[in-house]
Amino acid sequence: MKININIDNTCSETEVSITCAAMSDELNKVIASLRALDFKLTGVKNGQTFILDASRILYIDTVDKKTFLYTKADVFETSMRLYELEEQLSTNDFFRAGKSSIINFNKIKSLKSDIDGRIIVVMENDEKLVVSKQYAGFIKARLGR
C-alpha cells in the first residue's frame, strides 16, 4: 500500500482520498479505522458530559440496566442502550462479546482460548474480559482462523 500526504496551508478541511483497483479486506479495515477516528459518543462522569472519540473506548458494558463506556483511565455512563451502540459502532471494529458487552477489537492487547470455546481478552488497560462462545467467531474470523 502506498501512502501519499499532501500538505496545503490553504486547505480548510482534511480530506482523505483512496485510489484502488478493487475493494479488499485490508482497505475496509483502513476505512473503518478512519471512521472510528471521526465518530463521537457522549458520556457522563461526575455530573459532567464529555464528548469522546469512539477510537478511545476500550469496551462498553451494561450493569444494572446502565451502560458504561470504558477508556484507558476513565469510566463514563451513557444513556444509549447496548444494541444502539452495537449498531452504530459495528463498522468501527467494535463487536459484541457477550450479552452485556461490546469490545473495541483495536484495543485488545492479547487473547487466550478458554474452556467451552470462550476467549479471554486482555485490553490495553490490562483488564481481562470474556468473549462468549457465541461471539468468539468474530475474533477467529479477524485472525483468519
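**Close-ups of a predicted model**

**View 1. Strand E9, residues 119-123, meets E10 in an antiparallel pairing held over 4 bridges.** This is a predicted model, so keep that in mind for every view here. For one rung of the ladder, pick out Ile 119, whose bridge partner in E10 is Val 131. Zoom out a little and E9 and E10 turn out to belong to an open sheet of 3 strands, ordered E8-E9-E10 with antiparallel pairing. Strand E8 (108-113) and strand E10 (128-131) are the edges, each pairing on one side only. On average, neighbouring strands of this sheet are turned by 25 degrees against each other, direction ignored.

**View 2. Here is the largest nonpolar core, a set of 16 residues.** Phe 95, Ile 103, Val 121, Met 123 and Val 131 have the most contacts inside it. Two or more residues each come from strand E4 (66-70), strand E6 (94-98), E9, E10 and helix H3 (136-142). Which element gives the most to this core? That would be E9, with 3 residues. As background, nonpolar side chains in soluble globular proteins tend to be buried together.

**View 3. Strands E1 and E2 make a hairpin with 2 residues between them.** Strand E1 covers residues 40-45 and strand E2 residues 48-53; they run antiparallel and are joined by 6 bridges. Look for Lys 45, which stands opposite Gln 48 in E2. In the turn sits Asn 46, with a positive phi of about 55 degrees.

**View 4. Two aspartates, Asp 64 and Asp 126, show positive phi without being glycine.** Asp 64 has phi near 50 degrees and lies in the loop between strand E3 (59-63) and E4. Is Asp 64 buried or exposed? Its relative accessibility is 71%, so Asp 64 counts as exposed, the cut-off being over 50%. Asp 126, with phi of about 70 degrees, is found in the loop between E9 and E10. Asp 126 has a relative accessible area of 48%, so it is partly exposed.

**View 5. The largest pocket has a volume of about 810 Å³.** How many residues line the largest pocket? There are 23, and those nearest its centre are Ile 3, Asn 4, Val 16, Ser 17 and Ile 18. If you're sorting the lining by chemistry, it divides into 12 nonpolar, 6 polar and 5 charged residues.

How values were computed: Residues numbered from 1 in each chain as written. Predicted model: local features only at pLDDT ≥ 70, side-chain atom pairs only at ≥ 80, totals over all residues. Heavy atoms only, no water. 1 Å grid on protein atoms, 1.4 Å probe; cavity = no way out; pocket = protein on both sides within 12 Å on 5 of 7 lines; lining within 4 Å. Points joined across faces, edges and corners; volume = space filled by probe spheres on them. Nonpolar A, V, L, I, M, F, W, Y, C, P; charged D, E, K, R; others polar. Pairing = 2+ DSSP bridges. Axes fitted to C-alpha atoms, helices over the stretch in contact; angles between N-to-C directions. Core = buried A, V, L, I, M, F, W, Y, C linked by side-chain atoms within 4.5 Å. Buried < 20%, exposed > 50% of the residue type's maximum accessible area, 1.4 Å probe, protein only.
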